[in-house]
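Here are some notes to read alongside the model, set out as numbered points. Please keep the sequence and the coordinates open while going through them.

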Amino acid sequence: MTSPEFEVNLNKYAELIVKVGLNLQAGQRLVVLADIAAAPLVRLVAKQAYEAGCRLVDILWDDEAVTLNRFVYAPRDSFEEFPEWKVNTVAEYGQRGDALLSITSTNPDLLADQDPELINIAQRVRAQKSRPYAELVSRSAMNWAIVGYAGAAWAAKVFPQSAPDQQVPQLWDAIFDVCRIKHADPVAEWQQHIRNLDRRSDYLNAKRYAGLHYTGPGTGYSVLLTIPEGG
């Protein structure tokens, strides 16, 4: 059972995702890629998106249990097949200038015992088929963000020394800390943080440095980074 404090923080997290992570604008549509385990956050994101003026929130669900079943039971010659309608849907959103959110709660060891060759085939096919929207994302033709959702397997990997019933709460606590969720107004905190980064960026750009030289004190470690002209 989750606590009232957790529910408040999860809702603040959803608000932050929509207003800062995605910078979703009124009139845009939003497509969400998420595992079924992240449904509580997806629902809150959808609510925040509609309150921000989103025209449509479309969810493309995944399920790690089904993914694992494919590697265990599916025909070995079927891994070149891919649901192209999913990438076509995301590409359509990108071509319209809409928004994409990916919520990840991946089990790092989900396919640890599966055939590496099949994993390579599946990853290669996914990468090839995803190019239509990957190119849109790479040139920022659409608003996009990737955020985390604390799943049990991921939490166990991060906090292996903790009791099993404490691992997920600890991972959520870490996520909320990193994302400034525990502040009274995380959105305002991030907006100020972004302004600070912009100010520092402008300062460094104005200096027109030709390179940056890093030296580790007392280690003899030294790195010189040359900045390309116009970079």
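1. In this predicted model, Trp172 is in contact (heavy atoms within 4.5 Å) with Phe6, Leu10, Tyr13, Gly148, Tyr149 and Ala150, once its neighbours within four places in sequence are left aside.

2. Trp172 is also among the residues with the most contacts inside the largest nonpolar core, which has 37 residues, and it shares that position with Tyr13, Leu30, Leu41, Leu101 and Ile103. A nonpolar core here is a set of buried Ala, Val, Leu, Ile, Met, Phe, Trp, Tyr and Cys residues joined through side-chain atoms within 4.5 Å, where buried means under 20% relative accessible area with a 1.4 Å probe, protein chains only.

3. At least two residues of this core come from each of α1 (4-21), β1 (29-35), α2 (39-51), β3 (99-104), β4 (143-148) and α8 (164-178), and α1 gives the most, with eight residues. Helices (H or I, at least four residues) and strands (E, at least two) are DSSP runs numbered from the N terminus.

4. Another core, of 20 residues, lies apart from the one just described, and includes Phe79, Leu118, Val125 and Tyr133.

5. As for confidence, pLDDT (the predictor's confidence in each residue, from 0 to 100) has a mean of 93 for the protein, and 97% of its residues reach 70 or more. Among the elements, strand β6 (residues 221-226) has the lowest mean, 72, and α2 the highest, 98.

6. On conventions, local features need pLDDT of at least 70 and side-chain atom pairs count only at 80 or more, whereas totals for chains, interfaces and linings use all residues. Residues are numbered from 1 along each chain as its sequence is written, and side-chain values use heavy atoms, with hydrogens and water left out.

Methods
Buried < 20%, exposed > 50% of the residue type's maximum accessible area, 1.4 Å probe, protein only.
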